[in-house]
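Q: Please take one part of this structure and examine it closely. I would like a connected account of how that part is built, what surrounds it, and how far the model can be relied upon there.

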Amino acid sequence: MPAFSRSAEFAIDKPPRTPCPKLLDDFRCGIHDRLAESGFPGCSAFDCLGAGQHVTATRAPAQRADAFEVVRDLHELLWYVAEVLARPDAAPAHATATALRDEGLRLRDELGLQRAQVDAYWSAVASFLLEASAVVRAGAPVSERRSRELRRADLSGQDLRGRSFTGSDLRGASLLGADLRGATLDRTDLLGADLRGADLRGADLRTALFLTRTQVAGARVDGSTELPPVLAGPVGA
């Protein structure tokens with residue numbers, strides 16, 4: 001039961017481990033079909049990446065709140081590792097990715113999984129993802145490469161229409177409300193980039209690195225937005 005703060009994304013403050021007042025007795029959301037108009041658009045962008053289902057199936061009810069917090073973070077790391085394994089252009093990193101995936105799955109199945117274990121795993125994965133990103137971005141065609149280091153750059157609200165970010169590092173960048181219509185993000189590292197309100201209509205993100213459903217759900221997309229195959233279906237599917 002994650003916490004959230006009153007904002008444009010959420011209509012109320014909710015402390016951690018406190019049931020949402022919109023939660024029904026059968027654990028369904030009472031406003032799921034009208035989240036945005038009810039003041040909770042942020043809920044549409046949240047993705048537990050299967051952690052909720054896993055914890056429900058493997059933990060006793062009294063253990064689920066504690067377990068969910070760490071398993072959700074672990075599943076996010078496994079999502080990124082799985083992406084590396086699915087990319088032919090990351091082949092030099094596949095052996096390490098396989099080992100990290102297997103270790104992550106082993107940790108997930110430990111009923112006594114502790115935060116310290118996930119933190120240690122996070123450190124190993126974080127270093128690996130930097131290396132994998134460098135491999136993939138270096139493989140972009142030299143004639144098209146835009147190897148700009150824009151990590152954590154503040155590009156909020158900027159007009160970036162039609163720009164090429166091929167081979168660029170945008171991890172952790174703020175693209176809040178940025179206009180990226182028609183932009184090319186070929187092999188662009190978007191890990192942790194804030195895309196809330198960004199206009200991605202007509203943008204090419206088919207080979208973007210480390211893009212999640214949560215990021216896409218917070219942006220403005222339509223049928224002309226080209227997404228990676230794993231995200232090409234409806235967000236939330």
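A: Helices here are DSSP runs of H or I with at least four residues, and they are numbered from the N terminus. The model is predicted. The part chosen for the close look is helix H5, which covers residues 115-138.

Some context for the whole chain comes first. The protein chain holds six helices and zero strands, and its pattern along the sequence reads α-α-α-α-α-α. Of its 237 residues, 39% count as buried. Among contacts with a separation of 6 or more, 33% join residues that are 24 or more positions apart.

As to confidence, the mean pLDDT of the protein chain is 87, and 89% of the residues score at least 70. Among the elements, H4 has the highest mean pLDDT, at 97, whereas helix H1 (residues 41-45) has the lowest, at 69. Over residues 233-237 the pLDDT stays under 50, and the model shows seven contacts beyond four places in sequence for that stretch.

The length of H5 can be checked against its residue count. With 24 residues at 1.5 Å a residue, H5 should span 34 Å, and its end C-alpha atoms are indeed 34 Å apart, so the two values agree.

The next matter is which residues of H5 are withdrawn from the surface. The buried residues are Val118, Tyr121, Val125, Phe128, Leu129, Ala132, Ser133, Val136 and Arg137. Their cover includes helix H3 (64-86) and helix H4 (94-108). Each of these two helices can be taken in turn.

H3 and H5 pack at an angle of about 20 degrees, with axes 10 Å apart. H3 is therefore roughly parallel to H5, since angles under 35 degrees count as such. The crossing of H3 past H5 is left-handed. On the H3 side the contact is formed by Glu69, Val70, Asp73, Leu74, Leu77, Leu78, Tyr80, Val81 and Val84. On the H5 side it is formed by Arg115, Val118, Tyr121, Trp122, Val125, Phe128, Leu129 and Ala132.

With H4, the arrangement is as follows. The axes of H4 and H5 come within 11 Å and cross at roughly 165 degrees. H4 is therefore roughly antiparallel to H5, because the angle is over 145 degrees. This crossing, too, is left-handed. Thr96, Ala97, Leu100, Arg101, Glu103, Gly104 and Leu107 of H4 meet Gln117, Tyr121, Ala124, Val125 and Phe128 of H5. Tyr121, Val125 and Phe128 thus take part in the contact with H4 and also in the contact with H3, and these residues of H5 are buried.

The two covering helices also meet each other. The axes of H3 and H4 come within 9 Å and cross at roughly 155 degrees, so this pair is roughly antiparallel. Their crossing is left-handed. From H3, the residues involved are Val71, Leu74, His75, Leu78, Val81, Val84 and Leu85. From H4, they are His94, Ala97, Thr98, Leu100, Arg101, Gly104, Leu105, Leu107 and Arg108. Leu74, Leu78, Val81 and Val84 of H3 therefore face H4 and also contribute to the contact with H5. In the same way, Ala97, Leu100, Arg101, Gly104 and Leu107 of H4 appear in the contact with H3 and in that with H5.

Within H4, Asp102 offers a point of reference. Asp102 is partly exposed, with a relative accessible area of 40%. Its C-alpha atom is 9.4 Å from that of Leu78, although the two residues are 24 apart along the chain.

Back in H5, Ser133 deserves separate attention. Its relative accessibility is 1%, which is why Ser133 counts as buried. Leaving aside residues up to four places away in sequence, Ser133 touches Arg171, Asp189, Leu209 and Phe210. The C-alpha atoms of Ser133 and Ala90 lie 8.2 Å apart, while 43 residues separate the pair in sequence.

Lastly, the loop between H5 and helix H6 (213-218) contains Arg152. Most residues other than glycine have a negative phi. Arg152, however, has a positive phi, near 65 degrees. Arg152 is exposed, with a relative accessible area of 65%. Arg187 also lies in the loop between H5 and H6, and its phi is likewise positive, near 55 degrees.

Conventions. Residues numbered from 1 in each chain as written. Predicted model: local features only at pLDDT ≥ 70, side-chain atom pairs only at ≥ 80, totals over all residues. Heavy atoms only, no water. Expected span 1.5 Å × (residues − 1). Buried < 20%, exposed > 50% of the residue type's maximum accessible area, 1.4 Å probe, protein only. Contact = heavy atoms within 4.5 Å. pLDDT = per-residue confidence, 0-100. Axes fitted to C-alpha atoms, helices over the stretch in contact; angles between N-to-C directions. Parallel < 35°, antiparallel > 145°, perpendicular 65-115°, else oblique. Left-handed = near helix turned anticlockwise from the far one by under 90°.
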